[in-house]
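Let's take a walk through a protein model together, stopping at a few places worth a closer look. Have the structure open beside you as you read.

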Amino acid sequence: MTETSRTHLSLADVEAIARAAHATQTDKAGRPYAEHLRAVAEGVRTRHGDDAQIAAAWLHDAVEDDALSDQWLEEAALSHRTKDIVRALTKRPGEPPEAYAARILATPGALLVKQADLAHNADPKRLAALDEPTRKRLTEKYVRMHALLGLVAEGGSSS
C-alpha cells in the first residue's frame with residue numbers, strides 16, 4: 001500500500017497511543033511523562049508546526065524510552081515525514097551530541113519539534129523542581145544543544 005492510499009492515524013489517535021505507551025513513566029521531577037509530551041505537542045502547534053510535526057512531538061521520546069519499538073514505528077500508519085522526525089529525535093546509545101544535532105538539522109521538520117522539546121525541558125519552573133546537581137547538569141546540556149542547533153534559548157535567563 002502506498003502512503004497516499006493508506007489512512008494515517010489521527011492526531012487524537014497518536015496522542016492516545018503516546019499517552020498509553022508512556023503511562024507508567026514519570027519525568028525527573030516525578031510528574032506524569034504525558035505532561036511533557038502534551039507540552040511539546042502544544043509548543044509545536046503554537047510554533048505553527050503541521051500535523052506531521054505535532055504527531056512527531058507526541059512520539060518524540062517513544063522509541064528512545066522503549067515505550068514503543070522501532071518495528072512499531074516502521075509499521076505505524078504515520079506519514080514518512082512523522083517517522084523521519086521521530087527517528088531524527090531518537091538519541092542513539094553513545095551518540096555524541098554533535099551527531100544528534102546534525103541529524104536533527106538534516107531532517108526537514110525536526111528542528112521545530114526539538115525546539116519545542118528544549119523549551120519545555122529548559123522551562124525554569126520545571127527545572128526548579130529538581131535538585132541542584134541535576135538542574136545544573138541539565139541546564140548545561142540544554143544550553144549546549146541550543147548552541148549546536150543554532151537556536152537562541154527561549155525565555156532568556158532563568159535567574
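## Two loops, a helix and a pocket

His 48 is found in the loop between H2 and H3. Keep in mind as you look that this model is predicted. Is His 48 buried or exposed? With a relative accessible area of 73%, His 48 is exposed, because the cut-off for that word is over 50%.

The backbone here also deserves a glance. Most residues other than glycine have a negative phi. His 48, however, has a positive phi, near 70°. Asp 66 is another non-glycine residue with a positive value, its phi being near 60°. You will find Asp 66 in the loop between H3 and H4, and this residue is exposed too, at 68% relative accessible area. Here are the two side by side:

| Residue | Loop | Phi | Relative accessible area |
|---|---|---|---|
| His 48 | between H2 and H3 | near 70° | 73% |
| Asp 66 | between H3 and H4 | near 60° | 68% |

Now move along to the loop between H4 and H5, where Ser 79 sits. Ser 79 counts as buried, because its relative accessibility is 13% and the limit is under 20%. A polar atom of its side chain lies 3.0 Å from the backbone nitrogen of Thr 82. For a sense of scale, try finding Val 40: this residue is 39 residues away from Ser 79 along the chain, and the C-alpha atoms of the two are separated by 19 Å.

Thr 82 brings us to helix H5, which covers residues 80–89. Which residues of H5 are buried? They are Thr 82, Lys 83, Ile 85, Val 86, Ala 88 and Leu 89. Among the elements covering these buried residues are helix H3 (51–59), helix H4 (70–75), H6 and H7.

Our last stop is an empty space. Rolling a probe the size of a water molecule over the atoms shows where such space is left. The largest pocket holds about 600 Å³. Its lining is made up of 30 residues, and those nearest the centre are Lys 28, Lys 91, Asn 121, Lys 141 and Tyr 142. Two or more lining residues come from each of helix H2 (33–46), helix H6 (97–106), helix H7 (110–121), helix H8 (124–127) and helix H9 (132–149). Which element gives the largest share? That is H9, with six residues. Sorted by character, the lining has 13 charged residues, twelve nonpolar ones and five polar ones.

Terms used
Residues are numbered from 1 along each chain as its sequence is written. This is a predicted model: local features need pLDDT of at least 70, side-chain atom pairs count only at pLDDT 80 or more; totals for chains, interfaces and linings use all residues. Side-chain values use heavy atoms; hydrogens and water are left out. On a 1 Å grid over the protein atoms alone, a cavity is a set of points where a 1.4 Å probe fits but cannot get out, and a pocket is an open set with protein on both sides within 12 Å along at least five of seven lines; lining residues have an atom within 4 Å of a point. Grid points are joined across faces, edges and corners, and a volume is the space filled by probe spheres set on the points. Helices (H or I, at least four residues) and strands (E, at least two) are DSSP runs, numbered from the N terminus. Ala, Val, Leu, Ile, Met, Phe, Trp, Tyr, Cys and Pro count as nonpolar, Asp, Glu, Lys and Arg as charged, and the others, Gly among them, as polar. Buried means under 20% relative accessible area, exposed over 50%, partly exposed in between (1.4 Å probe, protein chains only). Contact means heavy atoms within 4.5 Å. A polar contact is a pair of N or O atoms within 3.5 Å; within protein, one must be able to donate a hydrogen and the other to accept it, and residues adjacent in sequence count only if both atoms are side-chain atoms.
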